[in-house]
Amino acid sequence: MHNAQFIIKKYFNSIHSIKPANVEQKYVILKAHNGENIVVDGKLGAGKTSTALNIIADKIYEGKKVLYVNQDLDNITDIEKKINEVIE
């Protein structure tokens with residue numbers, strides 16, 4: 001098995017996500033999974049919302065509460081809508 005594949009399977013198997021994620025996103029999700037405080041910042045279309053959704057899903061799976069903060073009310077509404085779609 002290639003080293004990168006081994007690392008991905010070893011460390012990323014513990015996270016639970018609802019949206020596809022690339023390696024960089026999985027790394028951020030893993031940091032949050034391990035209890036680190038996270039600030040996700042990036043360009044438009046970089047996958048910030050998907051990453052946030054996956055962090056929230058992972059924490060809900062663990063039975064934890066999540067505080068999601070964003071200065072863009074439309075983004076908060078979008079996150080809430082997407083979570084509700086998965087729950088229903």
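These are my notebook entries on a predicted model of a protein, taken in the order in which I looked things up.

**Entry 1: overall fold**

I began with the secondary structure, and found four helices and zero strands in the protein, so that reading along the sequence gives the pattern α-α-α-α. I then turned to burial, and noted that buried residues make up 23% of the 88 residues. For the surface I wrote down an exposed area of about 6800 Å², of which carbon and sulfur atoms supply 54%. I also looked at how far apart in sequence the contacting residues lie: among contacts with a separation of 6 or more, 48% are between residues 24 or more positions apart.

**Entry 2: the largest pocket**

Rolling a probe the size of a water molecule over the atoms shows where empty space is left, and I looked next at what that gave here. The largest pocket holds about 750 Å³ of space, and I counted 24 residues in its lining. Which residues lie nearest the centre of the largest pocket? I noted I38, V40, A52, Y68 and V69 in that position. When I asked which helix gives the most to the lining, I found helix α3, residues 48-61, with six residues. By class, I recorded eleven nonpolar, six polar and seven charged residues in the lining of this pocket.

**Entry 3: salt bridges**

Side chains of opposite charge can pair when their charged atoms come close, and I went through the model for such pairs. The structure holds three salt bridges, which I took one at a time.

The side chains of E36 and K31 meet in a salt bridge with an N to O distance of 3.2 Å. I checked the exposure of both partners, and E36 is partly exposed at a relative accessible area of 42%, while K31 is also partly exposed, at 24%.

In the second pair, E62 forms a salt bridge with K59, and the closest N and O atoms are 3.4 Å apart. Is K59 buried or exposed? I noted that K59 counts as buried, since its relative accessibility is 12% and the cut-off for buried is under 20%. Its partner E62 is partly exposed, with a relative accessible area of 30%.

The third pair joins K82 and D78, whose side chains meet at 3.3 Å, N to O. I looked up where the two residues sit, and because they are four residues apart in helix α4, residues 73-87, K82 and D78 are separated by about one helical turn. K82 counts as partly exposed at 27% relative accessibility, and D78 is partly exposed as well, with a relative accessible area of 26%.

**Entry 4: N75 in helix α4**

I stayed with helix α4 and looked at N75, which lies in this helix and is buried, with a relative accessible area of 13%. What does N75 touch, not counting residues up to four places away in sequence? I wrote down T49, Y68 and N70; of these, Y68 had already come up in Entry 2 as one of the residues nearest the centre of the largest pocket.

**Entry 5: E24 in helix α2**

My last look was at E24, which has its place in helix α2, residues 23-33. E24 is exposed, because its relative accessible area is 57% and the cut-off for exposed is over 50%. I also noted its position relative to T51: E24 and T51 are 27 residues apart in sequence, and their C-alpha atoms are 9.6 Å apart in space.

How values were computed: Residues are numbered from 1 along each chain as its sequence is written. This is a predicted model: local features need pLDDT of at least 70, side-chain atom pairs count only at pLDDT 80 or more; totals for chains, interfaces and linings use all residues. Side-chain values use heavy atoms; hydrogens and water are left out. Buried means under 20% relative accessible area, exposed over 50%, partly exposed in between (1.4 Å probe, protein chains only). Contact means heavy atoms within 4.5 Å. Accessible areas come from the Shrake-Rupley method with a 1.4 Å probe; for residues, only the protein chains shown count as cover. On a 1 Å grid over the protein atoms alone, a cavity is a set of points where a 1.4 Å probe fits but cannot get out, and a pocket is an open set with protein on both sides within 12 Å along at least five of seven lines; lining residues have an atom within 4 Å of a point. Grid points are joined across faces, edges and corners, and a volume is the space filled by probe spheres set on the points. Ala, Val, Leu, Ile, Met, Phe, Trp, Tyr, Cys and Pro count as nonpolar, Asp, Glu, Lys and Arg as charged, and the others, Gly among them, as polar. A salt bridge is a side-chain nitrogen of Lys or Arg within 4 Å of a carboxyl oxygen of Asp or Glu.
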